[in-house]
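Biologist: Please take a close look at one part of this model for me, the aromatic pairing and its surroundings. I should then like the account to lead on, step by step, to the bound ligands.

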Amino acid sequence: MIRALSVASEAYPLVKTGGLADVVGALPDALAPHGVATTTLLPGYAAVLAHVGEARVVHRWGDLLGVEARLLAGTLGDRPLLVLDAPRLFARDGGPYADARGRDWPDNWRRFAALSRAAAEVARGAAGDRAFDLLHAHDWQAGLAPAYLRFAPEPHRVKSVATIHNIAFQGSFDAGVFGELGLPPHAWGIEGVEYYGNLGLLKAGLWAADAITTVSPTYAGEIRRPAFGMGLEGLISSRGARVTGILNGIDPAVWNPATDPLLAAPYTADSLDARRANTRAVEQRFGLSGEGPIFTVVSRLTWQKGMDVLAGLLDELVAMGGRLAMLGSGDAALEQAFRAAAERHPGRIGVQIGYDEPLSHLLQGGADAILIPSRFEPCGLTQLYGLAYGCVPVVARTGGLADTVIDANVAALDAGVATGVQFDGVTPDALRGAIARTVALYRDRDRWRQIQGRGMAANFSWRNSGAKYAALYRALLG
Ligand code: ADP
Ligand code: GLC
């Protein structure tokens, strides 16, 4: 049995701002059948502390990057959870990375360096327990953990994997804080944690880890190029074969239309008529009336997601006979653009600004198609949920979207393998064309059902991906 410590700043259902949480939450169960026992380590945000309650204290730090901290042991589902309880760093109102007004916490470097340092020490056996075989660090927030392992004062055998969920978020901070990290002076440099004159947390992890993964094969190739690597393409390329893409999966305990308690009515591919009750519920929640396919958006409203391009096409979407039920939050200007479109098109466009996990399930279960015009998408989970729920994904051909959706072109339709609609380049013309194509496909009811059924039959369970991570761990451990 391999003992792995998975360290991240989010895990569903305790803390979630995006897909990272879904993946970190699902990984332990995905790995267990392949002989990997995973313990998850999270920061002690209020919601996490509330979850573990009166937990056992398994370690204490008098001075972890200048603050007192305790390590608490609890469980996440059936799996072991460790929590870094450092009130001065994590017990705050607001989000995991920013205050209630959206301003990044100024001490984010200290918060996540502390998490990473704790992770490296725990992996090496600090918590009294036997050391872990392997540390799996997710995204920039855990990026320093492999570096702390590499610069550890005593020899150890712990291997490390760094997983990039989004290379756009790099955790770059002022060089002046380096002295407080407790790393040896020679860690400051290209062979270390320095990145273009700054402290680079993600860069540190990518440099130090024994292996790097990202969340789809296509994205693993894309980030070798400047347009996607966002400055890290050189480092990624130089690590060559050590960078692999392993697709995210779906957690069947959370996302299954046959058993989902958050739906108005459960259904399967054989009972798609039952899905209509969910469509009615979506119409009601979003004030939609009339006929025509209901497009949905469940997304952060940001440039990455191409939401500016979609916002510019909403009048045309309605003119083509479509309707829209939008759930999202993010850039204020985008929120405003969607709200204004809803005011212009009552009954055809409904908008809910905010984050609403239950509503996201209802939308997948009731809308006809989900729009995902991302400029880049490391994996993307909402298209996978869409496939599983018969909510046909309409996606830009990039990253994990390219890897998981089969475009309904003539050949794929004839062969009966199409699962969605893809388009090239996030431009108004390309997206307009994709929406038009979707509306036309929707009107051909037999075809549409075939596409829905194909998507629902597609297998994006964690089974395959769990096996790939386990094989990678084994290869590293020799
Ligand atoms: P990313 O992590 O880049 O935001 P993903 O598609 O990987 O994109 O994951 C997004 C996750 O967040 C999905 O689980 C999706 O359902 C959820 N999500 C995004 N926006 C919202 C929202 N406004 N309300 C509820 N869930 C949301
Ligand atoms: C990131 C990416 C998204 C991916 C998720 C989980 O948030 O933007 O594409 O699905 O991480 O890996």
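Modeller: Two rings of Phe, Tyr or Trp count as a pair if their centres lie within 6.5 Å, with the six-membered ring used for Trp; planes under 30 degrees apart are called stacked, those over 60 edge-to-face, and the rest tilted. The model is predicted. Searched as a whole, the structure yields twelve aromatic pairs. One of them joins W140 and F173: the ring centres are 6.0 Å apart and the planes meet at 50°, so this pair is tilted. W140 belongs to the loop between strand 6 (134-138) and helix 5 (144-150), while F173 belongs to strand 8 (residues 172-173), so the contact ties together parts that are 33 residues apart in sequence.

Each side of this pair merits a description. On the W140 side, the loop between strand 6 and helix 5 also holds D139. D139 is not a glycine, yet its phi is positive, at about 60°. Most residues other than glycine have a negative phi, and most peptide bonds are trans.

On the F173 side, strand 8 takes part in an open sheet of three strands, ordered 8-10-9 and paired in the antiparallel sense. Strand 8 and strand 9 (194-195) are its edge strands, each pairing on one side only. Between strand 8 and strand 10 (residues 198-200) there are two bridges, and the sense is antiparallel. S172 of strand 8 has G200 in strand 10 as its bridge partner.

Another antiparallel arrangement is found earlier in the sequence, where strand 3 (residues 56-64) and strand 4 (residues 67-76) are paired over six bridges. These two strands make a hairpin with two residues between them, and L65 in the turn has a positive phi of about 45°. L64 is bridged to V67 of strand 4. One further backbone feature is the cis peptide bond between Y12 and P13, with omega at about 5°. P13 is placed in the loop between strand 1 (2-7) and helix 1.

Helix 1 leads directly to the ligands, for it gives three residues to the shell around ligand 2, the most of any element. That shell has 14 residues, and the closest are H165, N248, E377, C379 and G380. By class, six of the residues around ligand 2 are nonpolar, six polar and two charged. Two side chains make polar contacts with oxygen atoms of ligand 2: an N or O atom of the H165 side chain lies at 2.6 Å, and one of the N166 side chain lies at 3.4 Å. The backbone contributes as well, with a polar backbone atom of P378 placed 3.4 Å from an oxygen atom of ligand 2. Ligand 2 taken alone exposes 310 Å², and the protein buries 92% of that area. Domain 1 (2-249 + 462-477) and domain 2 (272-457) both supply residues to its shell, which means that ligand 2 lies between them.

Ligand 1 also has both domains in its shell: residues come from domain 1 and from domain 2, so ligand 1 lies between them. There are 20 residues around ligand 1, of which K16, G19, D22, R300 and K305 come nearest. Five of the shell residues are nonpolar, eight are polar and seven are charged. Strand 13 gives three residues, the largest share of this shell.

Several backbone atoms make polar contacts with ligand 1. A backbone N or O atom of G354 is 2.8 Å from a nitrogen atom of the ligand, and a polar backbone atom of L381 is 2.8 Å from an oxygen atom. For T382, the distance from a backbone N or O atom to an oxygen atom of ligand 1 is 3.4 Å. On its own, ligand 1 would expose 560 Å², of which the protein buries 93%. Two or more residues of the shell around ligand 1 come from each of helix 1 (19-31), strand 13 (294-301), strand 14 (323-330), helix 14 (357-366) and helix 15 (382-389).

How values were computed: Residues numbered from 1 in each chain as written. Chains lettered and ligands numbered in written order. Predicted model: local features only at pLDDT ≥ 70, side-chain atom pairs only at ≥ 80, totals over all residues. Heavy atoms only, no water. Near = heavy atom within 4 Å. Polar contact = N/O pair within 3.5 Å; in protein donor to acceptor, adjacent residues only side chain to side chain. Areas by Shrake-Rupley, 256 points an atom, 1.4 Å probe, with all protein chains shown as cover. Helix = DSSP H or I, 4+ residues; strand = E, 2+ residues; numbered from the N terminus. Nonpolar A, V, L, I, M, F, W, Y, C, P; charged D, E, K, R; others polar. Domains from an automatic or database assignment. Pairing = 2+ DSSP bridges.
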